[in-house]
Structures are given as C-alpha cells and as structure tokens.
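Q: Please take one part of this structure and look at it closely, step by step. I would like to follow the reasoning and then see what else the model shows.

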Amino acid sequence: MSSMRFLCQHCHQPLKSRQTLDTLSLVPGGPGATQEDGGNSKELAASQGAQASASSSPSEPNSSKSQERVKSFTLLGDCISVKTLDSIQKTCAYIFDALSDLEGVDHPLCEECTHCLLEQLDTQLASAQRDCQTYQRCLEFGGPRSGDESSTLEAQLQDLMAEEDRLVQELEHLGRSQAEVAAHLSSAQAKTAELVQQKKQHLKDFRASQWQQQELLDELSSLDNRLMYAQHQIRQLRTTDIFNATFEISEDGPVGVINSFRLGRLPRIPVGWNEINAAWGQAALLLLALSNAVGLQFQRYHLVACGSRSYLKSRIGEGEELPLASDGRQNVFLNNKFDRAMLAFLDCLQQFQQAARRGGLCVPYEVHTKEGFLGDPADPEGYCSVRTHLNTEEQWTTALRRMLSNLKFCMEWVSERYRPK
Ligand SMILES: [Zn+2]
C-alpha cells in the first residue's frame, strides 16, 4: 500500500505525517471511504470539479489562490491504482481542511515553520498595537485648537522668528567682531614680540652698564685709595725736611762722617780713599743742593756732583777740571789738583756762607779760602788746613770735620728757612 507526501511551502521539507493523516485512508470518511462518510466529503462532492480544495472557508478572500497552490502540490509516491481520481481529490481536500482548521492558513507548513510564522505574526500584532496606541494619543492631543490658542502660537512663532533673525544678525556681528579681535590679537602679538625683543636688548644693555659701572666703581675705589695714600705721603713729606732726610752728618771720633762715608783718615784709622772720595761726592751734592735752594751761583767754579767722581770746573780760562777725589798718591807739589779742588770747594762754601750770613746763618768755624784754613774762633791758634801737601793727616782730617760741621749748620739753616709751610 503506497502513501502520499506533501512538502512544506516554506522550507520545502516533507511534511511529517501524523498518525491521523497516515491512516486517513483507513478511517471511515477517509479517501477510501464511501460517499456517505463525513460532512466535509459531502461538501467537496457538492463543489465537485478540480477545485477540490474549495472546501475552505467561503469568507477567505484569496481562496482561488489557495486553490491554485493546492493544484501545485506534488504527490509523492505511487497512487493506489485501485483509487479513483475522485477519491484522491477527496483525500486531499480532507487534508487541506485538516491543515486549515488546525493552523489557520490555507497552505501546508511544517511545525517549525508554523512556529516561526506565529512568532512573526505576534511581533507584527504587537507593533500594530503600539501604532494604534500612538495614533490614539495623537488624536487625543493633536486635535484642532481654538482660535486664541492658534493666534497665540502664531504670535509666539513670529516672536521666535524675529528672535532668530536678531540672533542671526548678532551672530554676523559677532563674526565681524571676532575677525577684528583676531586682527587686533595678531597685531598685539607682533607688538608683544617686538617689546620682548626690546626688553632683551635693554636687559643686555643694562647688564653691560652694570658691568661698566662696577668697573668704574672699582677704578674709583682704587683712585680713592691712591688719593688717600698720596695725601698721606704729602702730609708726611710736608713734615719731612728733605735735607735732613737726605743728608746725615755726624762724627766718628775725630773723623767727620756724611751719609755713612768717613771724610778723613788717621794713621790709626786707615779710611780707604774710595770711601773718602764718596764722602766728598756727598759733600759736593749737599753744597750744590743748598746753593740751588737759595738760588746762589758760584762765581768762580761749577760744582759737579758725580758721586766719588765729583769735580769742580773753573769758570775762568779754559775751564780746568779739578777732581774732588784722590787715590792717595797726590802730587807732592804745592798746587796738586786734589788740593786745588778742596780749596775751590772751600771757596764755594765760603760764598754760600757769606750769602746766607745776611739771612742769619752762623757757622762754628771760620773759613779762610785763600789759605785753605778752617779756624775755631774759640782757639785762635787752632787753624787746620784742608791741603794734603805739607800737612798731617790729623790736621787734614780735623779741617774736613770742621768743614762738615759748617755744612751741617748751612743745611739746617736752609731747612729752617725754606721748609714748605
Ligand atoms: Zn517548513
């Protein structure tokens, strides 16, 4: 015995037959039943023709479509040769009725697709209900408004439009202002950069000036110190007697000493001639300084002070030079040059004493230039000659000591008279 199979319209899978379907041909009123079985079969029979599925609800608007789909169903398996076409149509009609009644659709679907279809329909139903509620609310609140309310809303709309225009104009104005402000800002930034550069330059100049000021302050401080030192020196010099500070005349026993050089010699005091010559040089320098201090010019001789090589140069004749120095081997003749030089020195000293005597100078020893004597007023017999010829070392040394004493008095007189006030 063969059976018929149907395909699902959605997934095209064979429909699972239920026991009721599989046994349709066996139950009374099934396809194999007689004309008398089942009310539906009777209706099918009444409708007749190829529209076997027209047994669905007459109110179905697209029943013709369903009928076409019914026609397109594929019958699986071999039909029972013993069944007639009529019985087969009846069986199909029965199946369609069963499916339509069971599922509410007019075409066969499998169980899974049916569930899916139901879920889709539920979703569409819920959406439609929400739309319905929305429309309902719109109808409730969006109904026609009264004339006053409309005019009020119109006025508000006009006001808002005017406000919008005003705001648009203000926005344009603000846009122009923004451009102007941006231009000002750019200009101000450029000015700021320039000022910053100027500030840097000013700071640089300021630091250079500070450095220069510091250097000048240091220099000023140094000058102040030097000035203070110079003023101190000046005060010291004003209280200092240049002759007393430069020349020191003393006595070493019977020998006169000037600036630590002994002038004269004795058999028991053998002074070297170099020392004697140096002492003569100091004496010549002192007498020259004294004459310069009082503005005196010697009449017959130039006094040339050159240390141990000092000499006197005659102003008369060919300007003979008389060395005021000796090596101890002076000529034994009367007019040897060393003796003549010492006489010339006495001549100069006498000139100075005569010039200073008018100023109150008093010397302890008398000077006799022509003879070369220095006499002690307290001892009329005590004349000593500065010559070396025909003279003793004691007499010569004493005469030189007396000459240094007179020079010392002359020096103190000049110091007292010409001391700077
Ligand atoms: Zn399906």
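**The zinc site and beyond**

A: Along the sequence, the residues that donate to the zinc ion follow the spacing C-x2-C-x98-C-x2-C. This spacing joins distant parts of the chain, since Cys 8 sits in the segment before helix 1 (19-22), whereas Cys 110 sits in the loop between helix 4 (85-103) and helix 5 (111-141), 102 residues apart. Please keep in mind that this is a predicted model. The protein donors are the SG atoms of Cys 8, Cys 11, Cys 110 and Cys 113, and they lie 2.2 to 2.4 Å from the zinc ion. The angles that the four donor atoms subtend around the ion run from 95 to 123°, and because all angles must lie between 85 and 135 degrees for this label, the arrangement counts as tetrahedral.

We can next ask how covered these cysteines are. Both Cys 8 and Cys 110 are buried. Cys 113 has a relative accessible area of 10%, and because buried means under 20%, Cys 113 is buried as well. Cys 132, by contrast, is partly exposed at 47% relative accessibility. The structure holds zero disulfides.

Turning from the metal to the nonpolar side chains, we find that the largest nonpolar core has 51 residues, and that Trp 280, Phe 345, Met 403 and Leu 407 are those with the most contacts inside it. At least two residues of this core come from each of strand 2 (255-258), helix 8 (273-294), strand 4 (301-304), helix 9 (337-357) and helix 10 (393-418), and helix 9 gives the most, with eleven residues. If neighbours within four places in sequence are left aside, Met 403 is in contact with Leu 263, Trp 280, Phe 345, Leu 346, Leu 349 and Leu 374. Apart from the largest core lies another of eleven residues, including Ile 95, Phe 96, Leu 99 and Leu 109. In soluble globular proteins, nonpolar side chains tend to be buried together.

Finally, there are the ring contacts, for the structure holds seven aromatic pairs. In one of them, the rings of Phe 338 and Trp 396 have centres 6.5 Å apart and planes at 65°, so the pair is edge-to-face. Because Phe 338 lies in helix 9 and Trp 396 in helix 10, this pair ties together parts that are 58 residues apart in sequence. Both Phe 338 and Trp 396 are buried, and together with Trp 273 they form one aromatic cluster.

Methods. Residues numbered from 1 in each chain as written. Predicted model: local features only at pLDDT ≥ 70, side-chain atom pairs only at ≥ 80, totals over all residues. Heavy atoms only, no water. Core = buried A, V, L, I, M, F, W, Y, C linked by side-chain atoms within 4.5 Å. Buried < 20%, exposed > 50% of the residue type's maximum accessible area, 1.4 Å probe, protein only. Helix = DSSP H or I, 4+ residues; strand = E, 2+ residues; numbered from the N terminus. Contact = heavy atoms within 4.5 Å. Disulfide = S-S within 2.5 Å. Donors = N, O, S within 2.8 Å, 3.2 Å for Na, K, Ca; no water. Tetrahedral: all angles 85-135°; square planar, octahedral: opposite > 155°, others 65-115°. Phe/Tyr/Trp six-rings, centres within 6.5 Å; stacked < 30°, edge-to-face > 60°.
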